[in-house]
Amino acid sequence: MQPIEIQNNEQRTVLLLNPSSAEYRFVQKSDSSLTIHLFCLDDRDADISIYVDQTEEGCTTNIYGLAVTCGSQHNSCHTVVRHLCNNGISRQLFKYILAGTSNAEFNGELIIVKDAQGNDARQSNRNLLLSDKAKIITKPQLQIYADDVKASHGASTGQLDQSSVFYMQQRGISRQSAVRLLVSAFAEEVAATVSDVEQQQNIRVAIEERLNRLI
């Protein structure tokens, strides 16, 4: 697949809504900015791969993802961000909300090659299980071959904080409404990354419609 080139000083935003099986490749030139939003909010299985190469200095890459799965659905996402030059920035935030017997896999690779100094790269994967039978495998990976860099990754998986649900119930909110509010708040961090107001509102509506089926 021929990669999409992000030219010098270009600012590009890509919104991916409900792709199924797809591979996306991007190459960034100097001082360019690329922001990718990935939302998986329907019933289809999905297998998504995103590759980004920062080939010149001063690039910024942001990748945000949210998947909400149910039934026996399967969702997998593989990201690779390669810092090939100096002074690049990358941020990755992926969240999964899983219900039923659905399962997911997140495989995120962050690579800073030898002598690519001054890069700042961070990756985070956070997952919320709404069912005891839902499962996720998360594989954040760092490959750092330069010295003067900042790089971090983190992953967490858990269920809703029942003390928070109980607290809200004590204030007259039904358990179902309390769960909905907490799950919506978990998803909101990703929805809020969409800068276009109309697109952001459409995404929020799609998330709420999806959650209506789960809770």
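A pocket is an open set of grid points with protein on both sides within 12 Å along at least five of seven lines. The exercises below apply this and related ideas to a predicted model.

**Exercise 1. State the volume of the largest pocket, name its lining and sort the lining by character.**

Step 1. Take the volume. The largest pocket holds about 170 Å³.

Step 2. List the lining. Ala-99, Leu-129, Leu-130, Ser-131, Asp-132 and Gln-159 belong to it, as do Leu-160, Gln-162, Arg-175, Val-179, Leu-214 and Ile-215.

Step 3. Sort the residues. Seven are nonpolar, three polar and two charged.

**Exercise 2. Describe the sheet that contains β2 and find its edges.**

Step 1. Read the order. Six strands run β2-β4-β6-β8-β10-β12 in an open sheet, and the pairing is parallel.

Step 2. Find the edges. Strands β2 (11–17) and β12 (150–158) each pair on one side only.

Step 3. Add the twist. From one strand to the next, the average is 5 degrees.

Step 4. Look at one pair. Strands β4 (residues 33–40) and β6 (residues 60–69) pair in the parallel sense over eight bridges. Cys-40 stands opposite Ala-67 in β6.

**Exercise 3. Place helices α2 and α3 against the strands.**

Step 1. Start with α2, residues 175–191. Helix α2 lies across β4, β6, β8 (89–98) and β10 (120–129). Its angle to β8 is about 150 degrees.

Step 2. Turn to α3, residues 197–214. Helix α3 lies across β2, β4 and β6. Its angle to β6 is about 30 degrees.

**Exercise 4. Describe the sheet that contains β1 and find its edges.**

Step 1. Read the order. This open sheet has six strands, β1-β3-β5-β7-β9-β11, with parallel pairing.

Step 2. Find the edges. They are β1 (4–6) and β11 (135–144), and each pairs on one side only.

Step 3. Add the twist. The average is 10 degrees from one strand to the next.

Step 4. Look at one pair. β1 and β3 pair in the parallel sense over three bridges. Glu-5 stands opposite Val-27 in β3.

**Exercise 5. Count the cavities of 30 Å³ or more and describe the lining of the largest cavity.**

Step 1. Count. There is one cavity of 30 Å³ or more. The largest cavity holds about 30 Å³ of space.

Step 2. Name the lining. Leu-38, Cys-40, Gly-65, Leu-66, Ala-67, Asn-75, Phe-94, Lys-95 and Tyr-96 line the largest cavity.

Step 3. Trace the lining to strands. At least two residues come from each of β4, β6 and β8.

Step 4. Sort the residues. The lining of the largest cavity has six nonpolar, two polar and one charged.

**Exercise 6. Classify the aromatic pair.**

Step 1. Count. The model has one aromatic pair.

Step 2. Apply the angle rule. The ring centres of Phe-94 and Phe-106 are 4.8 Å apart and the planes lie at 35 degrees, so the pair is tilted. The cut-offs are under 30 degrees for stacked and over 60 for edge-to-face.

Step 3. Locate the partners. Phe-94 is in strand β8 and Phe-106 in strand β9 (residues 103–112). The two are 12 residues apart, and the pair links distant parts of the chain.

**Exercise 7. Give the phi values of Asn-18 and Asp-31, and place each residue.**

Step 1. Asn-18 is not a glycine, yet has a positive phi of about 60 degrees. Asn-18 sits in the loop between β2 and β3 (21–28).

Step 2. Asp-31, also a residue other than glycine, has a positive phi near 55 degrees. Asp-31 sits in the loop between β3 and β4.

How values were computed:
Residues are numbered from 1 along each chain as its sequence is written. This is a predicted model: local features need pLDDT of at least 70, side-chain atom pairs count only at pLDDT 80 or more; totals for chains, interfaces and linings use all residues. Side-chain values use heavy atoms; hydrogens and water are left out. Two strands pair if DSSP finds at least two bridges between them. Helices (H or I, at least four residues) and strands (E, at least two) are DSSP runs, numbered from the N terminus. Axes are lines fitted to C-alpha atoms, for helices over the stretch in contact, and angles run from 0 to 180 degrees between N-to-C directions. Contact means heavy atoms within 4.5 Å. On a 1 Å grid over the protein atoms alone, a cavity is a set of points where a 1.4 Å probe fits but cannot get out, and a pocket is an open set with protein on both sides within 12 Å along at least five of seven lines; lining residues have an atom within 4 Å of a point. Grid points are joined across faces, edges and corners, and a volume is the space filled by probe spheres set on the points. Ala, Val, Leu, Ile, Met, Phe, Trp, Tyr, Cys and Pro count as nonpolar, Asp, Glu, Lys and Arg as charged, and the others, Gly among them, as polar. Rings of Phe, Tyr and Trp (its six-membered ring) pair if their centres lie within 6.5 Å; planes under 30 degrees apart count as stacked, over 60 as edge-to-face and the rest as tilted.
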